[in-house]
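User: I would like to go through the terms used for this model and see what each one rests on. Please set each value against its definition.

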Amino acid sequence: MGILSGKHIVLGITGGIAAYKSVTLLRLLVKAGAEVQVVMTPAGKEFITPVTLAALSGKPVVSEFFSANTGEWHSHVDLGLWADLMVIAPATASTIGKMANGIADNMLVTTYLSAKEHVMIAPAMDLDMMAHPSTIRNLKMLQSDGVEIIEPAAGELASHLVGKGRMEEPEKIFEKIVSFFGHKTDLIGKKVVITAGPTYERIDPVRFVGNYSTGKMGFAIAEECADRGAEVVLVCGPVNLQTVNSGIRRVDAENAREMLAVVEKEAYDCDIAVFSAAVADYRPESCCDSKIKREGMENMTLKMVRNPDIAATVGENKKSGQILVGFALETDHERENALLKIRNKNLDMVVLNSLRDKGACFGTDTNKITILDADGSESAFELKDKRMVAKDIVDAIVSKLC
Ligand code: C5P
C-alpha cells in the first residue's frame with residue numbers, strides 16, 4: 001500500500017521532448033501505489049516507446065481507437081469513468097488547442113472529452129509557442145473549463161533558447177497529484193530513519209534481556225512520514241507488527257549493536273532521524289554458545305556491560321540541517337531528564353511520555369506526549385490514538401524543516 005494506492009490515474013503523453021520526463025512521473029505514481037493507464041497521442045510515440053511505458057505501468061498503452069490486429073475497441077468512455085484523475089504531461093500546444101476546441105481526432109483528446117474526473121495538464125513547448133496569443137487563449141479556455149494548468153517553468157528549452165515553456169519537473173507534478181488526493185506532501189524528497197521496538201540482548205541461545213516495547217509508536221511515525229511522501233527506513237528490533245505503506249523500507253535488528261550498525265549506515269544522509277526504540281542500556285558481557293544449565297548453580301550472576309547509545313552516536317555526527325528526535329519514557333523528574341537528553345545527545349526535540357499517565361505505556365494503542373524543543377518551547381497533547389500522536393510529532397518535525 002502506498003500513498004496513492006487504490007487511485008486510478010490516466011497519464012496522457014503527447015509529442016514533446018519532455019515526454020522522457022513522463023517516465024519518471026509514471027515511476028513515482030506506480031511506486032506510490034497508483035494504477036496508471038497511459039494514453040498517448042500518435043506523436044507521443046515518436047518520443048518515448050509504448051513498450052517502456054507499458055512495462056512500467058503494467059498495462060498496455062492505449063493510443064489508437066482500435067487494436068489493429070484484433071479490432072478491439074478502446075473505450076474512452078470506460079477510461080473516463082475508471083479514472084480518479086487525468087494528467088497530461090507533457091501537453092503540447094497542439095493537444096492544448098484540440099482540448100480547448102473539442103477536436104477529438106485522437107484517443108487522448110477523446111478520453112479528455114469523456115473525462116468525469118479532475119484534469120491537470122503540464123504544458124511543454126518552445127517559448128514562442130508558449131507566448132503565442134493562440135496558446136494563451138487556449139489555456140485560458142481550458143482553465144475556465146476547469147482544467148488545472150501546471151505552469152511551465154522558465155529555463156533552457158530543447159531548442160537551446162531560454163524562456164518559459166519547460167515542463168514542470170516530474171517530482172513537482174507528483175506532489176500536486178498527491179495533494180490533489182488530500183494528502184500532506186511536506187516530506188516528499190526527505191529521508192527519514194526511525195528506530196522502533198525493543199532490543200533483545202542474548203544471554204544464551206534461548207534467553208535474552210529485553211523490555212516490554214512493542215514498536216507501535218515507531219511504526220505509527222513511520223506510516224505517517226511515508227504517507228506524507230518521505231522515503232522511510234524503519235530499523236526495528238524484534239516486534240510483531242507489519243508495515244502498510246510501501247514507501248517504508250524495514251530493516252530488522254535484534255540487539256543494540258546490530259541496530260546501531262544499520263542506523264549508522266542509513267542515517268549519514270538522512271534529513272530526519274527519530275529514535276523511538278527502547279534500546280537496552282546494557283547487554284550480557286558474553287553470550288554462551290550453549291544453553292546455561294541450572295544444575296549445580298544455586299545463584300547466577302550476569303555481568304552486564306554498556307551498550308552503545310544510538311541516538312547519541314548519530315547526535316555526535318549530526319550534519320547541518322538534520323533533525324534528530326529522541327524519546328524519553330520516564331517515571332520521575334520527567335522534564336529535567338528529557339532536557340538533559342536533548343543536550344547530551346545533541347537532539348532537536350524529545351517526545352516525553354510518562355509511565356504515570358494511564359494509557360501511555362508499552363503496548364497500548366494510545367499515548368499522551370509532551371514535545372520539548374531544543375529552543376526551550378514545549379507543547380503538551382491530550383491522550384490520543386498512537387496514529388494521531390504520530391501526526392502531532394511529524395507536524396512538530398516539519399515545522400522545524402528549513
Ligand atoms: O538515555 P535514554 O535511554 O533515556 O534515552 C532515550 C532516547 O535515546 C530514546 O530516543 C532512545 O531511542 C535513545 N537511545 C538510543 N540508544 C540507546 C539508548 C537510548 O538510541 N542505547
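**Ligand site and sheet**

Analyst: The ligand sits in the largest pocket. This is a predicted model, where local features need pLDDT of at least 70 and side-chain atom pairs pLDDT 80 or more, while totals for chains, interfaces and linings use all residues. Residues are numbered from 1 along each chain as its sequence is written, and side-chain values use heavy atoms, without hydrogens and water.

User: What makes it correct to say that the ligand "sits in" a pocket?

Analyst: A molecule sits in a pocket if more than half of its atoms lie within 2 Å of the pocket's grid points. A pocket is an open set of points on a 1 Å grid over the protein atoms alone, where a 1.4 Å probe fits, with protein on both sides within 12 Å along at least five of seven lines. The ligand meets this for the largest pocket.

User: Why is the pair between Lys341 and the ligand called a polar contact?

Analyst: A polar contact with the ligand is a pair of N or O atoms within 3.5 Å. A polar side-chain atom of Lys341 is 2.5 Å from a ligand oxygen atom, so the pair qualifies. The side chain of Lys345 has an N or O atom 2.8 Å from a ligand oxygen, and for a backbone N or O atom of Ala277 the distance to a ligand oxygen is 2.7 Å.

User: How much of the ligand does the protein bury?

Analyst: The protein buries 83% of the 450 Å² that the ligand exposes when taken alone; these areas come from the Shrake-Rupley method with a 1.4 Å probe.

User: Why are strands S1 and S3 called paired?

Analyst: Two strands pair if DSSP finds at least two bridges between them. Strand S1 (residues 8–13) and strand S3 (residues 85–91) have four, in the parallel sense, so they count as paired. Strands here are DSSP runs (E, at least two residues), numbered from the N terminus. One bridge joins Gly12 to Ile88 in S3.

User: What makes S2 and S5 edge strands?

Analyst: The open, parallel sheet runs S2-S1-S3-S4-S5. Strand S2 (35–40) and strand S5 (148–149) each have a single partner strand, so one side of each lacks a neighbour in the sheet.

Note on methods
A polar contact is a pair of N or O atoms within 3.5 Å; within protein, one must be able to donate a hydrogen and the other to accept it, and residues adjacent in sequence count only if both atoms are side-chain atoms. On a 1 Å grid over the protein atoms alone, a cavity is a set of points where a 1.4 Å probe fits but cannot get out, and a pocket is an open set with protein on both sides within 12 Å along at least five of seven lines; lining residues have an atom within 4 Å of a point.
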